[in-house]
Each structure stands twice: as C-alpha cells, then as structure tokens.
Amino acid sequence: MKNELALLKKENKLRTEFIPEEDRDMIRRMSQYMSSRRIGAFDVEVTRKELIGMALGAMQDGESLQTVIGKDEKEFCDDIIESSKKTLVSEVLLMSILRGIMYYGIALIASVLLFDVYGKVTFDSYLLVFAPLWALFCVIINIFIGERYSYEQGIKKYIPTIIFCISFFICMFLEDYLLPGVVVEVSRGLVLGIVIVGGVVVKFIYDSYINYIAKNYHWRD
C-alpha cells in the first residue's frame, strides 16, 4: 500500500537538503514541538512542507526563515497549532498500540540477549509482567512528554531519553532480583514472531487510516 505520509516525509526530506542548516534545524524543532501538542501527523508534515517552501523562498532572497517568520518560532508554532486540526483519538490510539508493540519487542530482544544465555525456552515474569508494564510506561511518556523538550537546552533536552533508559534498567533489575522464575514455558522465538506479525498488522491499519486522512489534503499541489 502506498503510504501517503511516508511519501510526504520523503519529499520533505529531499527538499530540506536545499535549505541552510540553520533553517533545517529550526524546522525540525518546530515540527517536534507541534507533534508534541497533539497535532495530527499528516497536518504536521503538511505544515513542515509549507515551512520548507518558506525557507526556500527566503534563501532566494538572501534571508533566513527566522527573518520571514518575524517572531519567536515557538510563538509562531502556537499560532499554527491554534488553527490546526487536533489529533483524533483513533490516530493516537493506533500510534500508541504500534509504539507499545515496538517497545515490547525491544524488551523481548533484550531479554533474549541478556537473560537467555543458555537458549532456554521460557516465558518468565519479565515478559509477562515487567516488559508489558515498561512498554505501557513508555507509551504514556511519549503521549504526555514526547518531544516537548525540543526547545530545552543542555541536559533538559534529553530528559525523555534518560527516562526511557533508566526505566528500562529498572525493569531488568526487577526481573532479575525480585520476581525470578518460570511462569510459562514457551519459545521466545514464537513470541517474537507474534510480536512482529502484530506490529505489521497494526502498521498496515495505521497506514490505511493515514491514507484515508490524506484524502482531505492536496499536498501534491
């Protein structure tokens, strides 16, 4: 299936190569900020295309995108957000499920690499309890924090990443020291296969949904 969002992202990526690095970084920050304010993914990418067009026009006039905008970029984003469509619950739900599967897959692969040294086929408390809870925690962090730190400076900018890493190590620590033992014997390869298939199915549904939304846009014009 042709993914309209992926095509638009690809077009935007190619066009950003022709604008100055300063404008490129500015557009990246603005896109992240708008995404964190629950603006629809396609709406953000269409806005990004428009910003790239403004940057290209500014470059031809020997100016920067900041000069054309004429105000603080965060304030400019807030104006766009005010007039943009908010993310539908269905889009947030599908993306959250997709991310949850991805995080669980990461936890599963880590368990195979770190815990399953002797090739045991066990589905233990880590995979039944802590990995799902960690995946859910990461999804919640993504929804409520996400890219909200895109305008922060220094270490504050990496707070979401730090939270993910610390919570993951806590998850592994709890499994290793507090709730060891086998709950169900089953091949981890089988579980990983189910996770991958589930991820593919949800991704297909998400792409179909985004393509449906894309019909309301004329981004190819």
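Lys215 has its place in the segment after α9, and at 64% relative accessibility this residue counts as exposed. Its C-alpha atom is separated by 9.3 Å from that of Glu4, although the two residues are 211 residues apart along the chain. The model in which these values were computed is a predicted one.

**Overall organisation**

The chain contains 9 helices and 2 strands, and read from the N terminus its elements run α-α-α-α-α-α-β-α-α-β-α. Of its 221 residues, 40% count as buried, while the area that the chain exposes comes to about 12,800 Å², with carbon and sulfur atoms supplying 64% of it. Among the contacts in the chain with a separation of 6 or more, 83% are accounted for by residues 24 or more positions apart.

**Salt bridges**

The structure holds 4 salt bridges, including the three that are set out in the following table.

| Pair | Closest N to O separation | Location |
|---|---|---|
| Arg29 and Glu73 | 3.1 Å | helix α2 (residues 21-36) and helix α5 (residues 73-83) |
| Glu45 and Arg48 | 2.6 Å | helix α3 (residues 41-60) |
| Lys203 and Asp207 | 3.0 Å | helix α9 (residues 188-214) |

Arg29 forms a salt bridge with Glu73, with 3.1 Å between the closest N and O atoms. Because Arg29 lies in helix α2 and Glu73 in helix α5, this pair ties together parts that are 44 residues apart in sequence. As for their surroundings, Arg29 is partly exposed, with a relative accessible area of 23%, whereas Glu73 is buried, its relative accessible area being 9%.

Glu45 and Arg48, whose closest N and O atoms are 2.6 Å apart, are 3 residues apart in helix α3 and so are separated by about one helical turn. Glu45 is buried at a relative accessible area of 6%, and Arg48, with 18% relative accessibility, likewise counts as buried, since the cut-off for that class is under 20%.

In helix α9, the side chains of Lys203 and Asp207 meet in a salt bridge at 3.0 Å, N to O, and these two residues are 4 residues apart, about one turn of the helix. Here Lys203 is partly exposed, with a relative accessible area of 34%, while Asp207, at 12% relative accessibility, counts as buried.

**The two sides of α5**

Glu73, which has already appeared as the salt-bridge partner of Arg29, also belongs to a group of buried residues in α5, together with Phe76, Cys77, Ile80 and Ile81. These residues cover an arc of only 140 degrees around the axis, and therefore they lie on the same side of α5. On the other side of α5, by contrast, Glu82 and Ser83 are exposed.

**A nonpolar patch at the surface**

Which residues make the nonpolar surface patch of about 550 Å²? The patch is made by Leu128, Val129, Leu133, Leu136, Ile140 and Phe144, and one of these residues, Leu133, is found in helix α7, which spans residues 125-144.

How values were computed. Residues numbered from 1 in each chain as written. Predicted model: local features only at pLDDT ≥ 70, side-chain atom pairs only at ≥ 80, totals over all residues. Heavy atoms only, no water. Patch = residues over 30% accessible without salt bridge, like charges linked within 9 Å, V, L, I, M, F, W, Y side chains within 5 Å. Areas by Shrake-Rupley, 256 points an atom, 1.4 Å probe, with all protein chains shown as cover. Buried < 20%, exposed > 50% of the residue type's maximum accessible area, 1.4 Å probe, protein only. Contact = heavy atoms within 4.5 Å. Arc of directions from axis to C-beta.
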